[in-house]
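User: Please take a close look at one part of this model, the pairing of charged side chains, and follow it to wherever it leads. Where do such pairs sit, and how open are their members to the outside?

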Amino acid sequence: AALYRVKSRGRGRGELDAGGQSPLARDLGAALVDPGAGGLAVHLQPIVTLADREVVGVEALVRWTHPERGQVSPAEFVPVAEREGLIGALGSFVVETACWSARALCEATGRDLFLTLNVSGLELDDPDFPDTVLATLARTGWPAGRTVIEVTESLVEAESARSIGALHVLRAHGLQVAIDDFGTGYSALARLDTLPADHLKLDNSFVSTITTSTRRARLLGSAVALAHALELTLVAEGVETEEQARVLTELGCPLAQGWLFGRPQPVEALMASLAKAPAAA
Ligand code: C2E
Ligand code: MG
Ligand code: MG
Ligand code: MG
């Protein structure tokens, strides 16, 4: 097979070996055999109330340190996992690890945090997905009522009755659903009404513009009203500055995450910082 393998000039992008796999997919497949040793990890990013900056939840974000390339962004390797049949294994690893981590975090800090999990469209369309998630919750002892599945509108195919069905099944078991990346090119108002959802997450790219003009701030105000009208809890993503936090707070956005409040980090680090700041009574 080595004869047919293109030398890794582009370091893993778009080049196929004789088995039809890209080098990155091959390496990810190898990493998934023993995820810890393979450099895979799940980091948690705090989600806070804007009113008093109390940590109320965490988002699980997968991380991969490639043996030669170092940190690879999930924006790069998650699509590779989807294309090359590895998303099931990757998703199982993330859900399982995130549930154990969130449970340890809540036990250590005496908080009832919620946990949000990113799910790709392919995972959601897998008929076994709801049962797999429910089995993982049972195995890890993580409560369904504090679990939020994050999906993007674009990923939940309008035509896929199965994907929508999976969300209904999970909600019937007490899980919640978040629509991720709202305010990017893929959003459509009509889809907001047809997706069974509880949270609406404003994309980083939109949040980064809210302090640039009064028109942008008004646009944010209408997103707050939209979420309110559809009974969705609005969560602002990618909040980096005090000024962004102030505008969001003034316009009535209830929840936020971003570097201003905390980076995605290993559970042990978050445990240490939350232990220092006791939960409000
Ligand atoms: P996302 O779900 O919209 O996650 C938010 C992204 O914003 C994360 O990027 C996070 O690290 C980043 N972020 C958080 N706060 C800030 C901030 O203040 N400023 C800026 N500039 N960025 C911030 P990340 O971790 O690189 O993940 C990228 C995307 O990859 C995620 O977007 C999600 O769509 C996907 N992803 C991540 N983990 C998973 C996973 O376990 N499973 C699946 N299927 N997708 C995942
Ligand atoms: Mg997300
Ligand atoms: Mg997002
Ligand atoms: Mg996303």
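Analyst: Glu250 and Arg246 form a salt bridge in which the closest N and O atoms are 3.3 Å apart. Both belong to helix α10, which covers residues 242-250, and because they are four residues apart there, about one helical turn separates them. Glu250 has a relative accessible area of 58%, so this residue counts as exposed. Arg246, at 40% relative accessibility, counts as partly exposed. These values, like the others below, come from a predicted model.

In general terms, side chains of opposite charge can pair when their charged atoms come close. The structure holds 14 salt bridges, and two further examples join separate elements.

One of them pairs Arg146 with Asp112, with 3.8 Å between the closest N and O atoms. Arg146 lies in the loop between α5 (129-140) and β5 (147-152), while Asp112 lies in the loop between α3 (87-109) and β4 (114-118), so this salt bridge ties together parts that are 34 residues apart in sequence. The 3.8 Å distance falls inside the 4 Å cut-off used for a salt bridge. Arg146 has a relative accessibility of 22% and counts as partly exposed, since the range for that class begins at 20%. Asp112 has a relative accessibility of 63% and counts as exposed.

The other joins the side chains of Arg162 and Asp125, at 3.5 Å from N to O. This pair also links distant parts of the chain: Arg162 is in helix α6 (residues 161-172), Asp125 is in the loop between α4 (121-124) and α5, and 37 residues separate them. Arg162 is partly exposed, with a relative accessible area of 46%. Asp125 is partly exposed as well, at 25% relative accessibility.

Helix α3 also contains Arg103. Arg103 is partly exposed, with a relative accessible area of 30%. The C-alpha atom of Arg103 is 8.0 Å from that of Thr140, although the two positions lie 37 residues apart along the chain.

Salt bridges also link residues in a network, made up of Glu59, Glu150, Lys201 and Glu237. Glu59 leads on to the ligand: a polar side-chain atom of Glu59 lies 3.1 Å from an oxygen atom of ligand 1. Two other side chains make polar approaches to nitrogen. Gln45 has a side-chain N or O atom 3.0 Å from a nitrogen atom of ligand 1. For Glu240, the distance from a polar side-chain atom to a nitrogen atom of ligand 1 is 2.6 Å. Taken alone, ligand 1 exposes 800 Å², and the protein buries 81% of that area.

Ligand 1 sits in the largest pocket. Three elements give two or more residues to the shell around ligand 1, namely β2 (55-66), α2 (74-83) and β6 (176-182). Of these, β2 gives the most, with four residues. The shell holds 24 residues, of which Arg63, Asn118, Asp180, Glu240 and Trp259 come nearest to ligand 1.

To return to the request, the pairs described include one within a helix, Glu250 with Arg246 in α10, and one that runs from a helix to a loop, Arg162 in α6 with Asp125. Glu59 belongs to the salt-bridge network and also has a polar side-chain atom 3.1 Å from an oxygen atom of ligand 1.

Terms used: Residues are numbered from 1 along each chain as its sequence is written. Chains are lettered from A and ligands numbered from 1 in the order in which they are written. This is a predicted model: local features need pLDDT of at least 70, side-chain atom pairs count only at pLDDT 80 or more; totals for chains, interfaces and linings use all residues. Side-chain values use heavy atoms; hydrogens and water are left out. Buried means under 20% relative accessible area, exposed over 50%, partly exposed in between (1.4 Å probe, protein chains only). A residue is near a molecule or strand if one of its heavy atoms lies within 4 Å of it. A polar contact is a pair of N or O atoms within 3.5 Å; within protein, one must be able to donate a hydrogen and the other to accept it, and residues adjacent in sequence count only if both atoms are side-chain atoms. Accessible areas come from the Shrake-Rupley method with a 1.4 Å probe; for residues, only the protein chains shown count as cover. On a 1 Å grid over the protein atoms alone, a cavity is a set of points where a 1.4 Å probe fits but cannot get out, and a pocket is an open set with protein on both sides within 12 Å along at least five of seven lines; lining residues have an atom within 4 Å of a point. A molecule sits in a cavity or pocket if more than half of its atoms lie within 2 Å of its grid points.
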